[in-house]
Amino acid sequence: MTQSEIQIILEKQKAFFASGATLPVKARIQALKKLYSVIKESEKEITTALTQDLGKSALEGFMCEAGLVMGEISYMLKNIRKFARDEGRATPITNFAAKSFVKKSPRGTVLIMSPWNYPFLLTMDPLVDALAAGNTVVLKPSAYSAATTAVIQKLIASCFAPEYVAVVNGGRAENQCLLEQKFDYIFFTGSQSVGREVMKKAAENLTPVTLELGGKSPCIVDKSANIPLTATRIVWGKFLNCGQTCVAPDYILCHEDVKDKLIQEIKKQIKVQFGDDPLNNPTYGKIINQKHFERLNWLINQNKVVCGGKSDEAKLKIEPTVMVNVTWDDAVMGQEIFGPVLPVLTWKNEQEMIDTVNSRSTPLALYLFSCNKALQKKVLNSCQFGGGCINDTIVHLATNNMGFGGVGESGMGAYHGKAGFETFSHKKSIVDKKNWIDVNMRYQPYTSFKEMLLRAFLK
């Protein structure tokens with residue numbers, strides 16, 4: 001898409017927003033219902049595209065993408081009137097007589113840039129929140145997940161006029177062109193390196209942003225953990241979508257007393273969940289492209305592999321792989337893995353473990369497997385991270401009643417449910433002053449009597 005075409009889309013969206021068409025809550029509800037209906041009717045088409053792009057089974061495509069989007073729409077439909085309602089606030093006596101309230105207003109025309117790893121979910125979920133808040137939206141899905149992007153483009157065109165919601169297809173040139181435009185808000189999900197560029201471009205126009213990034217999310221295992229169940233949940237969370245999940249456990253930080261038992265249980269669970277030959281398992285996913293396939297193979301040190309390690313270049317598949325005796329000097333610990341490679345590190349005492357986590361870049365997620373309530377409290381209080389789970393992985397992301405987002409280098413801002421509605425809204429603070437009385441303390445001339453009263457009220 002050319003620069004002039006993108007500019008025309010943006011101009012039309014700004015005009016459509018200025019018309020007030022997106023403001024009535026009733027109109028937002030109609031838009032969400034229409035989107036829900038189209039997604040439901042197109043489930044097979046969506047999951048087929050996800051299989052083509054990432055090797056996801058139909059069930060995984062529904063469970064982790066289409067179904068979650070439908071759940072977000074349902075949640076918004078149940079709560080949108082409450083979320084959009086003005087919120088009263090207490091008024092200080094210095095503003096007598098008046099009432100104070102917060103009014104939620106849409107930000108305007110927003111840009112949503114999404115990644116390839118969950119191409120349907122991470123495009124449509126923020127779209128749902130943006131529509132609920134009353135915005136017009138330009139979507140920019142990833143060029144890597146071409147089949148899913150084509151489906152998204154088709155679905156959006158069947159639901160919305162381009163002045164309301166438009167899809168811009170393409171690669172880096174289109175990304176750069178979009179970031180040169182003056183949007184009212186930018187919502188970006190992707191890597192930290194690209195997130196920095198998005199923030200730089202947004203700063204030139206003083207455009208506010210939400211950045212959903214990633215990082216090396218630790219999975220801490222204490223010796224009090226239920227090891228068989230811990231292994232089951234780690235294997236599911238780590239190798240879901242072939243490890244290409246921003247909140248996947250990036251590495252295990254395990255108490256040295258239970259390391260051997262945990263590794264044995266993980267090896268057992270890999271076999272249970274993916275079979276004797278994962279490379280030929282049709283429900284086990286694939287790496288998105290050749291570049292990432294080669295990067296991941298480079299991260300695997302075969303001398304430290306205790307499970308997996310094999311790959312099939314023709315299928316772009318890599319076995320669920322576990323590495324031991326890993327240190328922070330290994331290549332696999334120098335970057336976010338974003339693939340089916342699981343390094344295992346150990347710790348001896350609690351403070352050592354906490355210092356290890358806090359000495360690294362702030363992760364998007366943290367997972368703690370422990371039955372020790374004191375340790376749970378200590379880790380949650382002492383470690384900085386975006387969000388996470390105790391005795392599970394990934395599932396915090398699917399909770400509409402809590403926001404999802406990062407902190408520090410793992411991102412800024414949050415969405416899902418009410419948090420998503422508020423992300424795409426501006427809260428206007430309003431004081432509605434009454435005319436039937438006017439207290440004149442603030443007006444000149446300032447007398448000693450006025451000063452006495454003001455000091456009494458303002459202390």
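Modeller: Welcome! Before we start, contact here means heavy atoms within 4.5 Å. Keep in mind too that this is a predicted model.

Biologist: Thanks! Which residues of helix 5 meet Arg-28, Leu-32, Leu-35 and Ile-39 in helix 2?

Modeller: Helix 2 covers residues 25–41 and helix 5 covers residues 121–132, and their axes come within 9 Å. On the helix 5 side, the residues that meet those four are Met-124, Leu-127, Val-128, Leu-131 and Ala-132.

Biologist: And how many nonpolar, polar and charged residues does the contact of helix 2 with helix 5 have?

Modeller: Arg-28 of helix 2 takes part in this contact, and Arg counts as charged. By class, the tally is eight nonpolar, no polar and one charged.

Biologist: Are helix 2 and helix 5 roughly parallel or antiparallel to each other?

Modeller: The two axes cross at roughly 155°. Angles over 145 degrees count as roughly antiparallel. Helix 2 and helix 5 are therefore roughly antiparallel.

Biologist: Let's turn to the rings. Which kind of aromatic pair do Phe-16 and Tyr-164 form?

Modeller: A search of the whole structure finds 13 aromatic pairs. For Phe-16 and Tyr-164, the centres are 5.5 Å apart and the planes lie at 45°. Planes under 30 degrees apart count as stacked and over 60 as edge-to-face, so this pair is tilted.

Biologist: How many residues apart are Phe-16 and Tyr-164?

Modeller: Phe-16 sits in helix 1, while Tyr-164 belongs to the loop between helix 6 and strand 5. The pair thus links distant parts of the chain, with a separation of 148 residues.

Biologist: Is Tyr-164 buried or exposed?

Modeller: Its partner Phe-16 is partly exposed at 23% relative accessible area. Tyr-164 has a value of 11%, and the cut-off for burial is under 20%. Tyr-164 is therefore buried.

Biologist: Which aromatic ring does Lys-56 lie over?

Modeller: There are two such cases to look at. Arg-360 lies over the face of Trp-328, at 3.8 Å from the ring centre. Lys-56 is also placed at 3.8 Å from a ring centre, over the face of Tyr-118.

Biologist: Last one: how far apart in space are Ile-93 and Glu-41?

Modeller: Ile-93 lies in the loop between strand 1 and strand 2, and at 58% relative accessibility it counts as exposed. Ile-93 and Glu-41 are 52 residues apart in sequence. From C-alpha to C-alpha, their separation in space is 56 Å.

Methods
Residues are numbered from 1 along each chain as its sequence is written. This is a predicted model: local features need pLDDT of at least 70, side-chain atom pairs count only at pLDDT 80 or more; totals for chains, interfaces and linings use all residues. Side-chain values use heavy atoms; hydrogens and water are left out. Axes are lines fitted to C-alpha atoms, for helices over the stretch in contact, and angles run from 0 to 180 degrees between N-to-C directions. Helices (H or I, at least four residues) and strands (E, at least two) are DSSP runs, numbered from the N terminus. Angles under 35 degrees count as roughly parallel, over 145 as roughly antiparallel, 65 to 115 as roughly perpendicular and the rest as oblique. Rings of Phe, Tyr and Trp (its six-membered ring) pair if their centres lie within 6.5 Å; planes under 30 degrees apart count as stacked, over 60 as edge-to-face and the rest as tilted. Buried means under 20% relative accessible area, exposed over 50%, partly exposed in between (1.4 Å probe, protein chains only). A charge sits over a ring if NZ of Lys or CZ of Arg is within 6 Å of the ring centre and within 35 degrees of the ring normal.
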